[in-house]
Amino acid sequence: EVKNNKNVAVNLKLIDRIPLSQNKEIKVEDIVTNSAEYDKKKGLLSWTMDLQPKESRKESFSFQVKYPRGKYISL
């Protein structure tokens, strides 16, 4: 969630990341990016927003990580 607390409109770019696995046993699946632009090679999500004064906006995304039993991962 982002909010423009200024008294003027702002243009911003919000960037987040989905993890990428170097291990073929670990898979990142069911990626839902909603309205974001998604760069599959880098795992980057980006939103370009124009927020009016005092406006707030929520963006969301989701993914699922599958890995073998007994293996530990860190995100």
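## Overall layout

What pattern does the chain follow when read along the sequence? The chain runs β-β-β-β-β-β-β, with zero helices and seven strands in its secondary structure. Here helices (H or I, at least four residues) and strands (E, at least two) are DSSP runs, numbered from the N terminus.

Before going further, a word on the source: this is a predicted model, where local features need pLDDT of at least 70, side-chain atom pairs count only at pLDDT 80 or more, and totals for chains, interfaces and linings use all residues. Residues are numbered from 1 along each chain as its sequence is written, and side-chain values use heavy atoms, with hydrogens and water left out.

## Shape of the chain

The radius of gyration is 16 Å, well over the 11 Å that the globule rule gives for 75 residues, so the chain is more spread out than a compact globule. (That radius is taken over C-alpha atoms, and the rule is 2.2 Å times the number of residues to the power 0.38.) Along the principal axes, the C-alpha atoms fill a box of roughly 50 × 20 × 15 Å.

Buried residues account for 16% of the 75 residues; buried means under 20% relative accessible area, exposed over 50%, and partly exposed in between, with a 1.4 Å probe and protein chains only. As for contacts (heavy atoms within 4.5 Å), take those between residues at least 6 apart in sequence: 74% of them join residues at least 24 apart.

## The three-stranded sheet

Three strands make an open, antiparallel sheet in the order E2-E5-E4. Two strands count as paired if DSSP finds at least two bridges between them. Strand E2 (10–17) and strand E4 (37–39) sit at the edges with a single partner strand each, so one side of each has no neighbour in the sheet. On average, neighbouring strands are turned by 20° against each other, direction ignored; the axes behind that angle are lines fitted to C-alpha atoms, for helices over the stretch in contact, and angles run from 0 to 180 degrees between N-to-C directions.

E2 and E5 pair over eight bridges, and Ile15 stands opposite Ser46 in E5. E2 is hardly covered, though: zero of its eight residues are buried. On the other side of the pairing list, three bridges join E4 to E5, and Asp39 faces Leu44 in E5.

## The nonpolar core

The largest nonpolar core has seven residues: Val2, Ile18, Ala36, Leu45, Trp47, Met49 and Leu51. Such a core is a set of buried Ala, Val, Leu, Ile, Met, Phe, Trp, Tyr and Cys residues joined through side-chain atoms within 4.5 Å. E5 supplies the largest share, four residues. Leaving aside neighbours within four places in sequence, Ala36 touches Leu45, Ser46 and Trp47.

## The aromatic cluster

Rings of Phe, Tyr and Trp (its six-membered ring) pair if their centres lie within 6.5 Å; planes under 30 degrees apart are stacked, over 60 edge-to-face, and the rest tilted. That rule gives two aromatic pairs. Trp47 and Phe61 have ring centres 6.2 Å apart and planes at 40°, so this pair is tilted. The pair links distant parts of the chain, 14 residues apart: Trp47 lies in strand E5 (residues 44–51), and Phe61 in the loop between strand E6 (56–57) and strand E7 (62–66).

Trp47 is buried at 4% relative accessible area, whereas Phe61 is partly exposed at 25%. Phe61 also stacks with Phe63, at 6.4 Å centre to centre and 15° between the planes. Phe63 is partly exposed too, at 28%. Together, the ring pairs link Trp47, Phe61 and Phe63 into a cluster.
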